[in-house]
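Let's take a friendly walk through a protein model together. Have the sequence and the 3D view ready, and find each residue as its name comes up.

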Amino acid sequence: MTRSFTVQSSAVLSKSQVLISDILLDIDNNFKTITLKQTAQKYGYNKNYLSNLFKITLGNSFSEVLNQKRIMQAHSLLQISSAPISTIIKEVGISNKSYFYSKYKKMFNHTPGTDRDN
């Protein structure tokens, strides 16, 4: 009986890993507009379940993973674009400028404007 439980746990874990992998691909492709609610509906899961699954599997919530992707994309755009920082923030799907600056500084140990000075 224990062996059967172990096999079932492995199958569930594998299914969860595939699900998370698929969602990460969706985040990469749709980071500007994707939401947890839409993603949960697309895959047929409750958004709270999906959020918890992200936290358990990756150590970060769906929102944290999504915002990290957006900030990384903004970082790349700051390196190659002369567009204003406020335009880049909107382009990557972040609506709160203060939030962006705070998270950007935490992630890169400098402000977005520093990347423009280089």
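What follows is a short briefing, grouped by topic, on this predicted model.

The protein chain has 118 residues, and 30% of them count as buried. Its secondary structure comes to seven helices and zero strands. Among the contacts with a separation of 6 or more, 57% are between residues 24 or more positions apart.

**The overall fold**

- Reading along the sequence, you meet the pattern α-α-α-α-α-α-α.
- Thr35 sits in the loop between helix 1 and helix 2. Thr35 counts as partly exposed because its relative accessibility is 32%.
- Thr35 and Ser63 are 28 residues apart along the chain, and their C-alpha atoms are separated by 8.3 Å.
- Ser61 belongs to the loop between helix 3 (47–58) and helix 4. With 17% relative accessibility, Ser61 counts as buried.
- Which residues does Ser61 touch, not counting those up to four places away in sequence? They are Ser51, Phe54 and Lys55.

**Two helices that cross**

- Two packed helices are described by the angle between their axes and the distance between the axes.
- Helix 4 covers residues 62–80 and helix 6 covers residues 97–108; their axes come within 10 Å and cross at roughly 80°. Angles of 65 to 115 degrees count as roughly perpendicular, so helix 4 is roughly perpendicular to helix 6.
- On the helix 4 side, the contact is made by Asn67, Gln68, Ile71, Met72, Ala74, His75 and Leu78. On the helix 6 side, the residues are Tyr99, Phe100, Lys103, Tyr104, Met107 and Phe108.
- Sorted by class, this contact of helix 4 with helix 6 has nine nonpolar, three polar and one charged residues.

**Salt bridges**

- How many salt bridges does a search of the whole structure find? The search finds three.
- One salt bridge joins the side chains of Lys42 and Asp26, at 3.0 Å from N to O. Lys42 lies in helix 2 (residues 36–43) and Asp26 in helix 1 (residues 2–30), so this pair ties together parts that are 16 residues apart in sequence.
- Are these two partners buried or exposed? Lys42 counts as exposed, at 56% relative accessibility, whereas Asp26 counts as buried, at 12%.
- Another salt bridge is formed by Lys69 and Asp28, whose closest N and O atoms are 3.6 Å apart. Lys69 lies in helix 4 and Asp28 in helix 1, so the pair ties together parts that are 41 residues apart in sequence.
- Lys69 is partly exposed, with a relative accessible area of 23%. Asp28 is also partly exposed, and its relative accessible area is 41%.
- Glu64 and Lys55 form a salt bridge too, with 3.8 Å between the closest N and O atoms. Glu64 is partly exposed at 35% relative accessible area, and Lys55 counts as partly exposed at 43% relative accessibility.

**Aromatic pairs**

- A pair of aromatic rings is described by the distance of the centres and the angle of the planes.
- The structure holds five aromatic pairs. One of them is made by Phe54 and Phe62: the ring centres are 5.4 Å apart and the planes stand at 75°, so the pair is edge-to-face.
- Phe54 and Phe62 are both buried.
- Phe100 and Tyr101 form an edge-to-face aromatic pair as well, with 5.9 Å from centre to centre and 90° between the planes.
- Phe100 counts as buried, at 0% relative accessibility. Tyr101 is partly exposed, with a relative accessible area of 28%.
- Which residues do ring pairs link into a cluster? The cluster consists of Phe100, Tyr101, Tyr104 and Phe108.

**Residues to find again in the 3D view**

- Phe100 appears in the contact of helix 4 with helix 6, and Phe100 is part of the ring cluster too.
- Tyr104 and Phe108 also belong to that contact and to that cluster.
- Lys55 is touched by Ser61, and Lys55 is the salt-bridge partner of Glu64.
- Phe54 is touched by Ser61, and the ring of Phe54 pairs with that of Phe62.

How values were computed: Residues numbered from 1 in each chain as written. Predicted model: local features only at pLDDT ≥ 70, side-chain atom pairs only at ≥ 80, totals over all residues. Heavy atoms only, no water. Axes fitted to C-alpha atoms, helices over the stretch in contact; angles between N-to-C directions. Helix = DSSP H or I, 4+ residues; strand = E, 2+ residues; numbered from the N terminus. Parallel < 35°, antiparallel > 145°, perpendicular 65-115°, else oblique. Contact = heavy atoms within 4.5 Å. Nonpolar A, V, L, I, M, F, W, Y, C, P; charged D, E, K, R; others polar. Salt bridge = Lys/Arg side-chain N within 4 Å of Asp/Glu carboxyl O. Buried < 20%, exposed > 50% of the residue type's maximum accessible area, 1.4 Å probe, protein only. Phe/Tyr/Trp six-rings, centres within 6.5 Å; stacked < 30°, edge-to-face > 60°.
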